[in-house]
Amino acid sequence: MDKYMINGGRRLEGCVRIQTAKNSVLPILAASVLTDEPVTVLNVPDITDVRNMVKILGCLGCRAVYDGDNLTIDSSPADNCEIPRALAHELRSSVFLLGSVISRFRKAKIAYPGGCDIGLRPVDLHLTGLKRLGVDITESNGYILCKCEKLVGNEIMLDCPSVGATENIMLAAVKAEGTTIIKNAAREPEIEDLQNFLNSMGAKVRGAGSGSVVVEGVEKLGGSVYQPISDRIEAGTYLIAAAMCGGNVELEGVNAENLSSLLHKLRENGCKLRIKNDKIIIRSDKRPVSVKSVETQPYPGFPTDLQAQMTALCCVCSGNSIVTENLFETRFKYVPELRKMGADITVVDRSAFVRGVDKLRGATTVAHDLRGGAALVIAALAAEGDSEVLDISHIDRGYERFEYKLASLGAGIKRVGI
Ligand code: UD1
């Protein structure tokens, strides 16, 4: 497995273009199964989660063709409704395929999904929602087995605003008979992006972003050429890296509104931020000041996917911070790794109590999940001396050309195969 070798302590200067959002591209690719006409997704990021999704689509019988960074999926030859264990375990988002595969074949068999090991990630809300649309679901031997005669729209109230469940139900409902209303729906920008994509195929979806999504079923969906939104989590990671290392960094191709909870915190940290059209420019010249508390919440609250990176930043602030994780149970696995670098963190239940230290020092750390891994990399960039981050395949799941982009900002980072 590859590792990163990092020489820390350098300021970051320059410009980075932000990739297309992983969490938009994955459900959009799942949605391509809903039509027999080609779907082209523009500027698809070259990350392993996308490659695994393409493998799964291939296993269903869809054809995928790359033209540069643009990916065309032709689902007309699709003839299989079963996703085997090995593939489903590579990618949690394989569960999004349930909705579109059932819609297409009236049956589906999918192994329980895998993905990041960040605590119990149940799919009960996905399954309850699909049942409300008329799907008969049984579970056997680690597989979810679904069948239905037809899908019929219904009102679905989610117990919590799950991103994946909202998306899955939207996918199952677009070609159902009648109208589906998803209440307490997730309000993440990627939900609105999925709505816009589905509507570009001829679907009738409205309300995404408001907490109540209304899907009027249509008989048929056509093809589409679509540019999804940019990746707010990748953008946030670079902003936090600049805040930690000091520097002057411009991000290109971002929507600042989707990042407002982070930008608010970075201003409290003392960073200077300028927003110009699709650019965010961050300047950090002094040691960042601590923010008292950060709590992860569903959108528009502080994103759980930036919690680890934010905790890394808190480690070098002047003062103390409390970071509370409200969404996933075991999202502090990176904390013992940061401690190897001299971080002063105590975890009690869902909160990390961080006492800022003057400097982190280089160490060898191990990435356990995607965002925790990114946090270790940016901590190493800010630390004094040399570090290694092992098991970076986790990071490859979500960050395109991470080391190239960071090196282009002046970071001392290289990938080494072992
Ligand atoms: C998506 C994102 C992930 C992000 C997360 C929260 C994708 C591919 N992944 O994951 O990067 O961290 O949103 O913003 O878009 N829950 C249940 N039952 C369910 C489903 C969820 O109890 O059936 C709970 C989860 O345990 C968790 C909370 O709901 O506590 C939020 O999870 P959810 O929004 O579903 O996250 P994902 O869709 O898995």
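Strands β18 and β19 run parallel and are joined by three bridges, with β19 covering residues 320–324. One of the residue pairs here is Glu-295 with its bridge partner Thr-324 in β19. I should state at once that this is a predicted model.

Let me place these two strands in their sheet. The sheet is open and has four strands, in the order β18-β19-β21-β20, with mixed pairing. Which strands stand at the edges? They are β18, residues 293–295, and β20, residues 344–348; each has a single partner strand, so one side of each is left without a neighbour in the sheet. From one strand to the next, the twist averages 15°.

I turn now to the surface. Strand β19 also contains Ile-322. This residue has a relative accessible area of 32% and is therefore partly exposed. Together with Val-348 and Phe-353, Ile-322 makes a nonpolar surface patch of about 230 Å².

My last topic is the cysteines. A disulfide is a covalent bond between the sulfur atoms of two cysteines. How many disulfides does the count give in this model? The count comes to zero. For Cys-15, the nearest cysteine sulfur belongs to Cys-245 and is 17 Å away. Cys-15 counts as partly exposed, because its relative accessibility is 37%. Cys-271 is likewise in no disulfide, and its nearest cysteine sulfur, that of Cys-317, is 8.4 Å away. A pair would have to lie within 2.5 Å to be counted as a disulfide. Is Cys-271 buried or exposed? At 7% relative accessibility, Cys-271 counts as buried, since the cut-off for buried is under 20%.

Methods: Residues are numbered from 1 along each chain as its sequence is written. This is a predicted model: local features need pLDDT of at least 70, side-chain atom pairs count only at pLDDT 80 or more; totals for chains, interfaces and linings use all residues. Side-chain values use heavy atoms; hydrogens and water are left out. Two strands pair if DSSP finds at least two bridges between them. Axes are lines fitted to C-alpha atoms, for helices over the stretch in contact, and angles run from 0 to 180 degrees between N-to-C directions. Patches are made of residues with over 30% relative accessible area and no salt bridge: like charges are joined within 9 Å, nonpolar side chains (Val, Leu, Ile, Met, Phe, Trp, Tyr) within 5 Å. Accessible areas come from the Shrake-Rupley method with a 1.4 Å probe; for residues, only the protein chains shown count as cover. A salt bridge is a side-chain nitrogen of Lys or Arg within 4 Å of a carboxyl oxygen of Asp or Glu. Buried means under 20% relative accessible area, exposed over 50%, partly exposed in between (1.4 Å probe, protein chains only).
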